[in-house]
Every structure is written in structure tokens, then in C-alpha cells.
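Student: Could you take me through one part of this structure closely, and show me how that part sits in the chain as a whole?

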Amino acid sequence: MKVTVDVDCTPAEARAFLGLPDVTPIHEKYIKTMLDGFDGVGSVEQMETLFKSFSPLGDAGMRLFQQMMNVGLAGMGTTKDEKK
């Protein structure tokens, strides 16, 4: 027997139902700190240093993010003829 249940709720409602904490204030502070850090960034090197400082895993997290972006960009690099 297979039973499927669809639940229609917002992410906030799902977190409350599962007993997870509301991290909205932490998220908003994190985003504000990141946006404030962008003020005065004038070069790619400064931007990279900024991202590394905000990355939860430091350099390892940055490398993982770069690898994911490279894979995504490589997938977008195909021409219309190659997709057929």
C-alpha cells in the first residue's frame, strides 16, 4: 500500500509545525551585514575576499561554491544545436 500526503503551507508554517526555531532575525542581520560590506568594494579581488569572510566554511565553502558555479556555467555553454 502506498499513501501520499500533500501539505500546502508556507515555509514559516512548516518550520513551526516541525518545531524548528524562527531564524528570521539572524538571517536578516546576516544579509544586512553582507550588503553593508559591499559598500566601497571596487575590485574583483576585494569582492572575493569579502565573500570568503562571509562563507560559513571559509575557503573550503568558497571552493565548493566555485565548483558548483563552474558546473552550472559549463552546462549553459552548450549551443542550441548541441542540445538536440
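Tutor: What follows is a close look at a nonpolar patch on the surface and the helix that holds one of its residues. This is a predicted model, in which local features need pLDDT of at least 70 and side-chain atom pairs count only at pLDDT 80 or more, while totals for chains, interfaces and linings use all residues. Residues are numbered from 1 along each chain as its sequence is written, and side-chain values use heavy atoms, with hydrogens and water left out. The chain has 5 helices and 0 strands, where helices (H or I, at least four residues) and strands (E, at least two) are DSSP runs numbered from the N terminus.

The patch is formed by Leu 64, Phe 65, Met 68, Met 69 and Leu 73, which together have about 500 Å² of accessible area (Shrake-Rupley method, 1.4 Å probe, with only the protein chains shown counting as cover for residues). Leu 73 belongs to helix H4, residues 58–76, and Leu 73 is exposed, with a relative accessible area of 51% (exposed means over 50%, buried under 20%, partly exposed in between, with a 1.4 Å probe and protein chains only). In an α-helix there are 3.6 residues a turn, so residues three or four places apart point the same way.

In the chain as a whole, buried residues make up 7% of the 84 residues, and carbon and sulfur atoms supply 63% of the roughly 7700 Å² that the chain exposes.

Definitions and conventions:
Patch = residues over 30% accessible without salt bridge, like charges linked within 9 Å, V, L, I, M, F, W, Y side chains within 5 Å. Salt bridge = Lys/Arg side-chain N within 4 Å of Asp/Glu carboxyl O.
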